[in-house]
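Here are a few short exercises to work through with the structure open beside you. Try each task before reading its solution.

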Amino acid sequence: MRESGSNHSRKGEPEMRKAIPLAIAFLVWACAAPSLLAETRPGNAPAPSFRGEMPTTVTLGGLSDRYEPVEFDHAGHVDMASGCGDCHHQHGTEQPLGCRECHSLDRSAFRRSVNVGTFRACGECHAGPSPRPDPARTGLAAAYHRACFGCHREVGSVGEDPKGCTEMCHAKKETARAARK
Amino acid sequence: MVKSRERRPAGKDPGEGRGGSREEKPGISRRDCLKALTAAGSATLIGGSVDAHAYKKFSGWPDRCGVLADLTECVGCRSCEAACNRANGLPKPDVPFDEKSVFEEKRRPTASAYTVVNRYEDPEKPGTPLYRKVQCNHCNEPGCASACPVRAYTKTPEGAVLYNKDLCFGCRYCMVACPFYAPAYDYESALEPRVVKCTMCHGRVKAGGVPACVEACPVEAIKFGKRKELIKIAETRIRNRPDRYVDHIYGEHEVGGTSWLYLSRAPFERVDFPTNLPEKPLVEQTKGFLSSVPLVLVLWPAFLGMAYAATRNKEDDK
């Protein structure tokens, strides 16, 4: 809400006049959205039309000090997952965040992101490494790991066998260096 | 203690009079003697209660830190064990840190491993075992420190309980006193006694960092922070996910509270946490008795000596 306020003041429009149509628009959207989503995303699965906008491979390497970066096969996981919410804890998850915490706040982007399922970068909420991280928030590395372990722990590749970390996702730096030589 | 010291000169006065001149022997009458002893006795009682009162008032360092361990998040990767080993310069283990065979038995911290992770099968969730990290819990009122006869243990304002090997003479009372079996003994050197245990990486914490194990945890199953904040976080997690957690923060009240706090999805006794511990600090169990020992040692000889002096004087008069 605070951010939307600053948006409006930037445009130089009075707050109240803007707020009423915005509220009406939101109500209309709230009524229409369930049917809209049901139409475009049957069974909560990403519709084929979104695929072109999705990353196929994501390199997760911003945190690697002892390990090689992870080449994450996003497209492969999209095929396996029952919906975006399996990994992105934003839609259809146990702890949904407020809509406005993720979606951009100007109207066109809001509409676009609802339809296309745009996600904010994980790092915008989950902070990177720091000497003393805030215990109330989950850091970036832990957020990634928890997302992976949600499934991979139960299939016995990680946790049951700690070696799985290096075999499945990221090789240790020295091992990788030796292999390259 | 203070009062009894103040009273002592008054008690001595008649004695000095007696030493001053032999003629004034009756100066120390039985009445004076009894008066002095009663005064000393009541001072002892008052002194004891004053001490106990002051002790109760101190509810711990306000900004003390701790670690919140969430057993539901731990995946048993043993990164914490490896990080602890590196940070403390401990010897290389016989079994490497990525080996899971160690989970076949329940381990305890040793002189070469300040922390260990144990695995527990969960009958309610087969295939998803629970992992419990074991190390010193850094009690608010440490039993080890109260048992140590040479004060080799210190509770720091940051929360860690530290051990000073220069003071230790190897009695190992601390190992008996600890309800969590945390201190281990280094049996390697017979001449230099050394108890070893987790230091909650006190140096790193003082420098503004977090313990090495916390830093290494890939899923943040262990989180470092102010103990007060961690309790709030733990309460929020239990409130938001009552299906996921047992409604108890282990370590919030056990033995007067510990710096390490735990959340679990299975009852704590199932993962080998001692659940029969009192909420009062262990220090309180023995404090009354132990604080009376020096007083008894001082007062009984004084009482008997004065009784002897009084009766001898009477015999002399006859």
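**Exercise 1.** Decide whether Tyr181(B) is buried, partly exposed or exposed.

*Solution.* Start with the neighbours in this predicted model: Tyr181(B) has 13 other C-beta atoms within 10 Å. A residue counts as buried at 20 or more and as exposed at 12 or fewer, so Tyr181(B) is partly exposed. Next, find its place: Tyr181(B) sits in the loop between α5 (173–177) and β6 (184–185) of chain B. Finally, check the backbone: Tyr181(B) is not a glycine, yet its phi is positive, about 55 degrees. Most residues other than glycine have a negative phi.

**Exercise 2.** Do the same for Cys201(B): is it buried or exposed?

*Solution.* Count again: 23 other C-beta atoms lie within 10 Å of Cys201(B), so this residue is buried. Its loop runs between β7 (195–196) and α6 (202–206) of chain B. The phi of Cys201(B) is also positive, near 45 degrees.

**Exercise 3.** Work out whether the length of helix α8 (residues 227–240) of chain B agrees with its expected span, and find which residues are buried.

*Solution.* First, the length: with 14 residues at 1.5 Å a residue, α8(B) should span 20 Å, and its end C-alpha atoms are 20 Å apart, which agrees. Second, the buried residues are Arg227(B), Leu230(B) and Ala234(B). Third, look down the axis: these buried residues fall within an arc of 55 degrees, so they line one face of α8(B). Their cover includes β1 (65–70), β8 (222–226) and β9 (260–263) of chain B. On the other side of α8(B), Thr236(B), Arg239(B) and Asn240(B) are exposed.

How values were computed
Residues are numbered from 1 along each chain as its sequence is written. Chains are lettered from A and ligands numbered from 1 in the order in which they are written. This is a predicted model: local features need pLDDT of at least 70, side-chain atom pairs count only at pLDDT 80 or more; totals for chains, interfaces and linings use all residues. Helices (H or I, at least four residues) and strands (E, at least two) are DSSP runs, numbered from the N terminus. The expected span of a helix is 1.5 Å times one less than its number of residues. The arc is that of the directions from the helix axis to the C-beta atoms. Two residues are in contact if their C-beta atoms, placed from the backbone, lie within 7 Å.
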